[in-house]
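Hi,

Here is the structure I promised to pass on. Have a look at it first, and then read my notes underneath.

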Amino acid sequence: MRRPAVLALLTALLLPVAPATAEPASGELRVDQVGYGPAETKVAYLLGRAPAEGARFTVVDARGRTVHTGRAPAPTGSWNAAHPAVHQLDFSAVRQPGTYRVKLGSAVSPEFRIGGDLFAPLARANNEFFQAQRDGEQVIPGRLDRKPAHLADRQATVYAEPEFGGDFGDEILAPLKPIGGPIDVEGGWADAGDYVKFTSNSAYSLAEMGLSLRTRYDRALADEVRFGLRWLDKMWDASSGVLYAQVGIGTGSEEFGFLGDHDVWRLPEADDARPVQPGHPEYFVKHRPVFPANAPGEAISPNLAGRVAAAFALGAQVERDRTLARRYLDEAASVFAKAKTTEVGELVTAFPHSYYPESSWRDDLELGATQLALAGQRLGDRRAKEWTSQALHWARAYLGGDDRGTLNLYDTSALAHADLARLAPHMRGDLVADLRRQLDEGVAGARTSPFRTAVDLTQFDAATKSFGFAATARLYRGLTGDPAYDAFGTQQRNFALGANAWGVSLVVGAGSRYPHCPHHQVANLAGSTGGGARILHGAVVNGPNGTANFDGLTPPDGATPCSEPLAAFDTPESRFFDDVSSWPSSEPAIDFTSTAMLAFTLSP
């Protein structure tokens with residue numbers, strides 16, 4: 001159902017009216033550096049050195065011909081002392097496919113395109129990042145000349161959950177205790193700029209990649225989903241009922257005499273060549289510990305059980321080999337059946353939990369059951385009806401709870417709702433209402449931002465949450481046909497692709513200005529620090545962050561120096577720091593990138 005009130009609100013938010021009185025003023029022009037669909041709302045931003053209400057702006061094509069003229073409206077707000085006025089410049093009337101720039105006075109925007117299917121190449125670039133993150137033997141050399149790494153994971157020792165404490169919850173309080181193995185956990189993806197592998201994050205990414213593949217088939221993505229599920233299958237031991245949660249340990253301990261993954265800046269293939277024995281400080285860098293999420297016979301943290309089941313079940317939906325698809329379905333069903341649903345306590349995400357402090361889990365169970373039901377329908381499994389009932393149960397539990405968020409690593413409800421609403425029409429209204437609740441939260445946040453971004457730029461995960469809103473807006477539109485949030489969703493994608501104060505696309509390789517100094521060991525040591533071909537193509541970085549989060553950062557020992565400051569566009573509260581030391585801004589991650597992939601795949 002169309003929502004005129006919301007549509008009117010968003011139109012007023014994005015398209016303010018302005019008097020045509022002021023003279024052109026200087027500043028910086030920001031646009032989505034990739035571009036806009038022909039029918040999308042199109043907004044550029046003047047980051048002005050003085051208010052410029054009424055100033056004339058033009059849009060010119062590749063030959064320099066003016067195709068549109070407009071006037072700057074009243075400011076949407078102030079940015080910093082040097083740029084006290086931000087103005088939205090609407091040029092939605094330009095629909096002809098082509099290459100364009102926006103001009104206002106002496107300011108000229110980066111080049112961008114208008115056209116159809118601009119974003120499918122970005123989804124393929126995101127998949128290239130996953131290829132670059134491959135661990136084990138089946139690496140793809142790619143732009144960064146990747147080589148096989150961490151083959152010692154084939155004979156890994158299992159350790160008890162470490163004891164952590166300290167101010168940040170990551171101080172190891174006791175020696176690591178071996179409890180089993182060896183097991184084979186070779187393969188999978190490195191999580192971020194380091195080489196630790198997490199079941200939770202990998203399953204989240206696989207679910208979004210599966211949804212992307214279900215929406216638009218791509219052979220390279222199908223291969224990557226199969227690669228990821230092969231590793232996830234190793235992490236789930238159905239015979240013992242044990243799910244392994246993590247390979248490697250990020251935090252080392254000076255007290256107990258060992259280094260962690262985060263303590264050594266190196267190419268990953270160097271680890272297998274380390275001549276180490278037990279007790280050597282680098283022993284756990286080569287012989288990486290594996291930590292289980294549960295003991296044999298015990299239930300599994302429900303967030304893990306739900307999202308791992310969802311990853312396998314989506315694999316069953318998109319896999320063209322029916323025998324393998326049925327195996328995925330069986331894996332999904334077996335892990336889902338082990339979910340702990342009473343006296344849940346602290347969720348298992350990573351060791352330490354402070355790395356990924358998730359608290360929401362009913363959404364993951366809703367997602368897992370929903371995808372099991374869809375996979376069961378595809379493969380003719382009689383359990384599909386029961387899984388649908390379980391999905392409805394967990395959806396109601398999520399909707400009735402207090403721990404509700406928006407799409408990112410910590411909340412998968414939008415992915416679940418969009419599919420469950422089709423499976424269970426009688427609950428469609430409640431599920432659609434919660435999708436609106438999520439989008440309305442974003443609209444409320446955007447209302448106070450000069451760049452109309454929904455996310456809090458003093459907190460982590462700005463890029464992935466922006467892409468999460470963009471994806472949710474498309475899921476909502478696809479489910480309801482209601483265009484009320486189209487402009488809002490487009491703007492969140494625009495922000496992540498350069499329509500922000502720093503003028504930086506948060507996707508490496510996308511647009512004319514993107515991070516050149518990611519906090520990523522392979523990119524830093526094997527790639528180019530000034531652009532070019534040898535980049536971590538398609539990676540999505542964290543984005544702007546709170547100023548205090550950058551205190552005390554220093555370049556890692558052994559890193560290639562790289563820094564391109566953008567301090568002129570920082571505020572006292574937030575900054576973007578393109579520097580190899582800047583993990584709060586410039587570290588990429590698989591969950592960031594899979595959410596962007598889904599948003600790009602769903603884009604018109």
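Below is what turned up, starting with salt bridges and ending with one helix. Keep in mind that this is a predicted model.

First, the charged pairs. Side chains of opposite charge can pair up when their charged atoms come close. Searching the whole structure gives 34 salt bridges, and here are a few to find on your screen.

Start with Arg 493 and Asp 32, whose closest N and O atoms sit 3.5 Å apart. This pair ties together distant parts of the chain, with the two positions 461 residues apart. Arg 493 belongs to helix H13 (residues 486-496), while Asp 32 is in the loop between strand E1 (27-30) and strand E2 (35-36). Are these two buried or exposed? Arg 493 has a relative accessibility of 3%, so it counts as buried. Asp 32 comes out at 0%, so it is buried too.

Next, look at Asp 271 and Arg 274. Their salt bridge has its closest N and O atoms 3.0 Å apart. Asp 271 is buried, because its relative accessible area is 1%, and Arg 274 also counts as buried, at 11%. This pair doesn't stand alone: Asp 261, Arg 266, Asp 271, Arg 274 and Glu 282 are linked in a network of salt bridges. Try tracing that one by eye!

The third pair is Arg 437 with Glu 441, where the closest N and O atoms are 3.1 Å apart. Why can these two meet within one helix? Both are in helix H11 (residues 428-447), 4 residues apart, so about one helical turn separates them. An α-helix has 3.6 residues a turn, so residues three or four places apart point the same way. As for how covered they are, Arg 437 is buried at 17% relative accessible area, whereas Glu 441, at 39%, counts as partly exposed. The cut-off for buried is under 20%, so Arg 437 falls inside it with its 17%.

Finally, the helix. How many residues of helix H10 (residues 413-423) are buried? The count is 10 of 11, so this helix is mostly covered. Among the buried ones are Leu 415, His 417, Asp 419 and Leu 423. And what covers them? The list includes helix H3 (199-215), helix H8 (362-379) and helix H9 (384-399). It also takes in H11, helix H12 (462-480) and helix H16 (590-602). You have already met H11, as the helix that holds Arg 437 and Glu 441.

Happy exploring!

Methods:
Residues are numbered from 1 along each chain as its sequence is written. This is a predicted model: local features need pLDDT of at least 70, side-chain atom pairs count only at pLDDT 80 or more; totals for chains, interfaces and linings use all residues. Side-chain values use heavy atoms; hydrogens and water are left out. A salt bridge is a side-chain nitrogen of Lys or Arg within 4 Å of a carboxyl oxygen of Asp or Glu. Buried means under 20% relative accessible area, exposed over 50%, partly exposed in between (1.4 Å probe, protein chains only). Contact means heavy atoms within 4.5 Å.
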